[in-house]
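Q: I'm new to reading protein structures and would love a close look at one part of this one. Could you walk me through a sheet and the helices that pack on it, step by step?

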Amino acid sequence: MKLASIDIGSNAARLLLVNVFEHNYKTVFRKESLVRVPVRLGFDTFSTGEISLARTDNLLKTMVAFKYLMEVHDVQGYKACATAAMREAKNGSDIVKKIHALTGIQVEIVSGRREASIIYSNRVEEQLNHNNTYLYIDIGGGSTELSLFHKGKVIDTASFPIGTIRLLYKQVREGDWLPMKKMLKKISDTYTTIYGIGTGGNINKLYKLFGNTKDHSLSRKSVREAYQIISGYSFTERVSILGLKPDRADVIVPAAEILLLVTKWAGIEKTFVPKIGLADGLIHELFNELYNKPVTEIFYEDDKL
């Protein structure tokens with residue numbers, strides 16, 4: 001069986017195709033392909049309040065392509081959602097209607113809390129030490145989602161309007177950090193040892209460049225070094241020397257800054273990076289809806305994805 005998910009983010013739109021099958025009484029999710037298109041909706045929303053005709057046209061073309069790819073792959077079901085850029089754009093709802101009229105794809109514009117719940121539906125903490133305390137950290141272009149787990153239970157979840165594109169546009173004021181800092185300081189005071197679980201494209205890239213591949217983690221020290229090194233390069237050097245894609249080279253520095261502050265305030269020394277995100281969570285939700293069956297899974301990582 002093949003399932004698909006579409007994540008329309010502030011920086012890029014992604015189509016994830018996953019094969020799902022049973023093996024030794026476990027449900028196995030194996031990623032087949034990930035198509036990522038840098039539509040960069042947040043560059044419009046966070047500067048003008050709405051998505052321009054040009055970017056809307058690019059998104060519609062992307063969704064048509066995604067529709068045909070899902071047909072070619074004969075997917076048995078899909079889920080699609082849009083995050084901060086679309087939910088804050090004045091014309092976000094109109095664009096969703098255009099997508100449906102053109103492709104038949106129904107897109108859900110999700111709230112920050114809904115976004116966080118989709119991400120932690122991946123249940124990565126269950127594959128680590130179930131008795132530990134974990135903080136899911138997902139850094140996007142328009143927002144950062146945080147979810148706290150303690151001994152397998154959700155303790156708190158929150159979404160903050162602090163993202164990489166907002167930082168690039170200098171739209172995050174000093175006071176905007178205070179609610180996040182307050183939450184994280186409270187967590188740090190309550191729990192002795194907290195581990196991070198980092199998701200999203202920028203954290204994945206930081207891990208690939210500076211992470212510990214033995215236990216799939218990023219230390220806070222490594223994140224600090226990454227921030228210092230990458231911010232010291234020009235945009236061109238980040239592309240030519242570090243091999244970053246142009247639409248990653250500008251947002252990875254603010255992503256490192258956000259991750260560094262989150263881990264500092266929460267007292268997190270180690271962040272695990274399982275290379276999953278919102279699109280994976282949508283797949284797991286879809287599976288549950290189709291089969292009303294709990295997800296027990298094996299992760300197959302593929303660096304090409």
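A: Happy to! Keep in mind that this is a predicted model. Let's start with a single pair of residues and work outwards. Find Tyr136, whose bridge partner in strand S7 is Ser147. This pair belongs to the pairing of strand S6 (residues 133–139) with strand S7 (residues 144–150), which is antiparallel and has seven bridges. As background, strands of a sheet pair through backbone hydrogen bonds, in either a parallel or an antiparallel way.

Now zoom out to the whole sheet. Six strands make it up, and if you walk across it you meet them in the order S8-S7-S6-S9-S11-S10. The sheet is open and its pairing is mixed. At its edges are strand S8 (153–160) and strand S10 (217–219), each of which pairs on one side only. From one strand to the next, the twist averages 25°.

Next, look at the helices. Helix H8 lies across S6, strand S9 (194–199) and S10, and it runs at about 80° to S10. Helix H12 packs on the sheet too, touching S6, S7, S9, S10 and strand S11 (270–272). The direction of H12 makes about 160° with that of S6.

These two helices also pack against each other. Two packed helices are described by the angle between their axes and the distance between the axes. For H8 (residues 201–210) and H12 (residues 252–266), the angle is about 90° and the axes are 9 Å apart. Angles of 65 to 115 degrees count as roughly perpendicular, and H8 and H12 are therefore roughly perpendicular to each other.

Which residues of H8 and H12 meet? From H8 come Asn202, Ile203, Lys205 and Leu206, and from H12 come Ile252, Ala255, Ala256 and Leu259. Sorted by type, the residues of this contact are six nonpolar, one polar and one charged.

Finally, here is a residue in a loop to look at. Lys170 is found between helix H6 (164–168) and helix H7 (178–190). Lys170 is not a glycine, yet it has a positive phi of about 55°. Is Lys170 buried or exposed? Exposed means over 50% relative accessible area, so Lys170, with 73%, is exposed.

Key
Residues are numbered from 1 along each chain as its sequence is written. This is a predicted model: local features need pLDDT of at least 70, side-chain atom pairs count only at pLDDT 80 or more; totals for chains, interfaces and linings use all residues. Side-chain values use heavy atoms; hydrogens and water are left out. Axes are lines fitted to C-alpha atoms, for helices over the stretch in contact, and angles run from 0 to 180 degrees between N-to-C directions. Helices (H or I, at least four residues) and strands (E, at least two) are DSSP runs, numbered from the N terminus. Angles under 35 degrees count as roughly parallel, over 145 as roughly antiparallel, 65 to 115 as roughly perpendicular and the rest as oblique. Contact means heavy atoms within 4.5 Å. Ala, Val, Leu, Ile, Met, Phe, Trp, Tyr, Cys and Pro count as nonpolar, Asp, Glu, Lys and Arg as charged, and the others, Gly among them, as polar. Buried means under 20% relative accessible area, exposed over 50%, partly exposed in between (1.4 Å probe, protein chains only). Two strands pair if DSSP finds at least two bridges between them.
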